[in-house]
Amino acid sequence: MSANPATPAPADPALPSLPVLQADCSNCFALCCVALPFAKSNDFAANKAAGTPCKNLREDFRCGIHTRLRDKGFQGCTVFDCFGAGQQVSQVTFGGRDWRTHPGTAGAMYEVFPVLRQLHELLFYVTEALTLPAAAPVHADLRHAQAETVRWTAADADALTALDVGALRGRVNTLLLRASELARAKAPARKKNHRGADLMGARLAGADLRGANLRGAYLIAANLRGADLRLADLIGADFRDADLRGADLNDALFLTQPQLGAARGDAATKIPSTLARPAHWSA
């Protein structure tokens, strides 16, 4: 799971504390294993409906094949990250009442979990943007957005269910885009705009992508071996099975642990110190 970037304190000391933006499965009621659906594919070995416990889930809310997920065909589980939303829902929103002991909470819990995950993901990005010196002109607005989002993470289930999270994401995304533009302006290379581009299987080995806009780009199975991705904006970029061996992702903007986990890399792949090298990467 991902480590948090440096986390500035919310501007208002009366605000609830910034929630932990890293999953703590020991304090979660296995919400990702129950609330979310998955379909049989290269990422999952079976179908599962939303609200149905995975067949591998034990009574203690632990995964029965956790150390063998990839071998058993559940690669998708190894790259999922709730950004800490699971324990927030379990221990804060529902005060430690689990869906097995208190089945009446199940429906609301499953509905709230995806909302909290989006809020925590937003906080992850905003918190990173606040560490970018070049984005200083929008730091005040980012802190305001951070404060608003933090308040929502402490709201009750009814309020979270009614929240227009899409509208909040839109407002925050405007600020993140501006922060990205300011940070990427420091890149020495010509800034390529591949936002939302279909780059599946693209041959980009050794490419100079410094400062590129790769937001939402489809980089599935792309060859990025030895590519320079410093200061590239990677929000929402799909790196499934992308070859990142020897690539330089130091200072890449908004890179997440799930993106690294979905890709292939090696010991020569350079990654931000705030993230962990996936265990399945080659030596």
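This report describes the confidence, nonpolar cores, an enclosed helix, a pocket and some backbone angles of one chain.

The structure is a predicted model. Its mean pLDDT is 92, and 94% of the residues score at least 70. Residues 1-11 have a pLDDT under 50, and for this stretch the model has 35 contacts beyond four places in sequence.

**Nonpolar cores**

The largest nonpolar core comprises 54 residues, and Trp 99, Leu 142 and Leu 176 have the most contacts inside it. At least two residues of this core are supplied by each of α2 (85-93), α3 (106-129), α4 (139-153), α5 (157-162) and α6 (165-184). The largest share, 14 residues, comes from α3. A second, separate core contains 28 residues, including Leu 199, Leu 219, Leu 234 and Leu 260.

Leaving aside residues up to four places away in sequence, Trp 99 touches Phe 29, Leu 31, Val 34, Pro 53, Leu 57 and Phe 61, as well as Thr 105, Ala 106, Met 109 and Tyr 110.

**The enclosed helix α2**

Helix α2 is largely enclosed by the rest of the structure, because seven of its nine residues are buried. The buried residues are Ala 85, Gly 86, Gln 87, Gln 88, Val 89, Ser 90 and Thr 93. Among the elements that cover them are α3, α4 and α5.

**Second largest pocket**

The second largest pocket holds about 250 Å³ of space. It is lined by 14 residues, of which Glu 128, Asp 251, Ala 252, Pro 272 and Thr 274 are the closest to its centre. By class, the lining consists of nine nonpolar, three polar and two charged residues.

**Positive phi angles**

Most residues other than glycine have a negative phi. The table lists residues with positive values.

| Residue | Phi | Place |
|---|---|---|
| Ala 30 | near 55 degrees | segment before α1 (75-79) |
| Gly 95 | about 55 degrees | just after α2 |
| Leu 231 | about 65 degrees | loop between α6 and α7 (257-262) |

Ala 30 and its positive phi belong to a residue other than glycine. With a relative accessible area of 7%, Ala 30 is buried, since the cut-off for a buried residue is under 20%. Leu 231 likewise is not a glycine, although its phi is positive. Gly 95 takes its positive phi directly after the enclosed helix α2, of which seven of nine residues are buried.

Definitions and conventions: Residues are numbered from 1 along each chain as its sequence is written. This is a predicted model: local features need pLDDT of at least 70, side-chain atom pairs count only at pLDDT 80 or more; totals for chains, interfaces and linings use all residues. Side-chain values use heavy atoms; hydrogens and water are left out. A nonpolar core is a set of buried Ala, Val, Leu, Ile, Met, Phe, Trp, Tyr and Cys residues joined through side-chain atoms within 4.5 Å. Buried means under 20% relative accessible area, exposed over 50%, partly exposed in between (1.4 Å probe, protein chains only). Helices (H or I, at least four residues) and strands (E, at least two) are DSSP runs, numbered from the N terminus. Contact means heavy atoms within 4.5 Å. On a 1 Å grid over the protein atoms alone, a cavity is a set of points where a 1.4 Å probe fits but cannot get out, and a pocket is an open set with protein on both sides within 12 Å along at least five of seven lines; lining residues have an atom within 4 Å of a point. Grid points are joined across faces, edges and corners, and a volume is the space filled by probe spheres set on the points. Ala, Val, Leu, Ile, Met, Phe, Trp, Tyr, Cys and Pro count as nonpolar, Asp, Glu, Lys and Arg as charged, and the others, Gly among them, as polar. pLDDT is the predictor's confidence in each residue, from 0 to 100.
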